[in-house]
Amino acid sequence: MPEVGPKPSGETLAFMQRMWRLVHALDVRSKRMSATLGVTGPQRLVVRMIGQRAGRTASEIADMLGMHPSTLTGVLARLEARGAITRTVDAADRRRARFTLTAAGKRIDKERRGTVEAAVRRALARALPVSVEHTEALLHLLVEELEREDN
């Protein structure tokens, strides 16, 4: 897809412009998914993770996403309210909850067109493996820098 609008001067600004276009595209697709599937992109990602292995805890899911469990709480609550997941108390540790998919959650869990995941799958199929490796490495560096405390 060609760039839209004027390109800012400087490598950093040009790269940031592309990142914001990606963030915007993710947001637009996520809203479309909410309207068509009843879940946002992040909610579907959580459903897919629980679908891969039932009984995951919030901490396990948060670790996989690289976020704090309290950040995940709202996503899990919305999925539970929608009837996509069930929460059960862990028999070994009653303070911990484990999550499984309901029948509705299993329907959401199926691979389908129109999702962020489908777009990523198509892009990965088109990209050279070395490009994917370099992109993953750069994304890791960006996250590391964004999370770093500036002194």
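Which residues of strand 3 form its covered face, and which its uncovered one? Ala-97, Phe-99 and Leu-101 make up the covered face, while Arg-98 and Thr-100 sit on the uncovered one. Keep this strand in mind as you go through the views below, and remember that the model is predicted.

**View 1. The whole protein chain, before we zoom in.**
Let us start with the full picture. The protein chain contains seven helices and three strands. If you follow the sequence from beginning to end, you meet them in the pattern α-α-β-α-α-β-β-α-α-α. Along the principal axes, the C-alpha atoms fill a box of roughly 55 × 40 × 25 Å. Of the 151 residues in the chain, 25% are buried. The accessible surface is about 10800 Å², and carbon and sulfur atoms account for 58% of that. The chain also has 26 positive and 18 negative charges, whose mean positions lie 11 Å apart. Finally, take the contacts between residues at least 6 apart in sequence: 46% of these join residues at least 24 apart.

**View 2. Three strands side by side in an open sheet.**
Here you can trace the sheet strand by strand. Its three strands are arranged in the order 1-3-2, with antiparallel pairing. Strand 1 (56–57) and strand 2 (85–89) each have a single partner strand and stand at the edges, so one side of each has no neighbour in the sheet. Strands of a sheet pair through backbone hydrogen bonds, in either a parallel or an antiparallel way. In this view, two bridges link strand 1 with strand 3, and five bridges link strand 2 with strand 3.

**View 3. Arg-98 and its partners.**
Now look at Arg-98, a residue on the uncovered face of strand 3. Which residue of strand 3 is the bridge partner of Thr-57? That partner is Arg-98. Thr-88 also stands opposite Arg-98 in strand 3. Thr-57 itself is found in strand 1. Is Thr-57 buried or exposed? Thr-57 counts as buried because its relative accessibility is 4%, and buried means under 20%. Setting aside neighbours within four places in sequence, Thr-57 is in contact with Arg-96, Ala-97, Arg-98 and Phe-99.

**View 4. Phe-99 on the covered face of strand 3.**
One step along from the previous view is Phe-99, which lies in strand 3 and belongs to the covered face of that strand. Its bridge partner is Arg-56. With a relative accessibility of 1%, Phe-99 counts as buried. Which residues does Phe-99 touch once neighbours within four places in sequence are left aside? The list is Ile-50, Ala-54, Gly-55, Arg-56, Thr-57, Ala-58, Leu-76, Ile-85, Thr-86 and Arg-87. Ala-58 is 41 residues away from Phe-99 along the chain, yet their C-alpha atoms are separated by 7.9 Å.

**View 5. The largest nonpolar core and Val-46.**
This view turns to the inside of the model. The largest nonpolar core has 20 residues. Those with the most contacts inside it are Val-46, Leu-72, Leu-76 and Leu-79. Which elements give two or more residues to this core? They are helix 1 (11–37), helix 2 (41–52), helix 3 (58–65), helix 4 (69–82) and strand 3 (97–101). To see how the pieces meet, pick out Val-46. Apart from neighbours within four places in sequence, Val-46 is in contact with Ile-61, Leu-65, Leu-72, Val-75, Leu-76 and Leu-79. You may recognise Leu-76 from the previous view, where it was listed among the contacts of Phe-99.

**View 6. Two residues of helix 7.**
The last view visits helix 7 (residues 129–147), where Val-143 lies. Leu-146 has its place in helix 7 too. How do these two residues fare for accessibility? Val-143 has a relative accessibility of 42% and so counts as partly exposed. Leu-146, at 74% relative accessibility, counts as exposed. From C-alpha to C-alpha, Val-143 and Glu-111 are 28 Å apart in space, and their positions lie 32 residues apart in sequence numbering. The C-alpha atoms of Leu-146 and Ala-35 are separated by 31 Å, and these two residues are 111 residues apart along the chain.

Terms used:
Residues numbered from 1 in each chain as written. Predicted model: local features only at pLDDT ≥ 70, side-chain atom pairs only at ≥ 80, totals over all residues. Heavy atoms only, no water. Core = buried A, V, L, I, M, F, W, Y, C linked by side-chain atoms within 4.5 Å. Buried < 20%, exposed > 50% of the residue type's maximum accessible area, 1.4 Å probe, protein only. Helix = DSSP H or I, 4+ residues; strand = E, 2+ residues; numbered from the N terminus. Contact = heavy atoms within 4.5 Å. Areas by Shrake-Rupley, 256 points an atom, 1.4 Å probe, with all protein chains shown as cover. Lys, Arg positive; Asp, Glu negative; His and termini not counted. Charge placed at Lys NZ, Arg CZ, Asp CG, Glu CD. Pairing = 2+ DSSP bridges.
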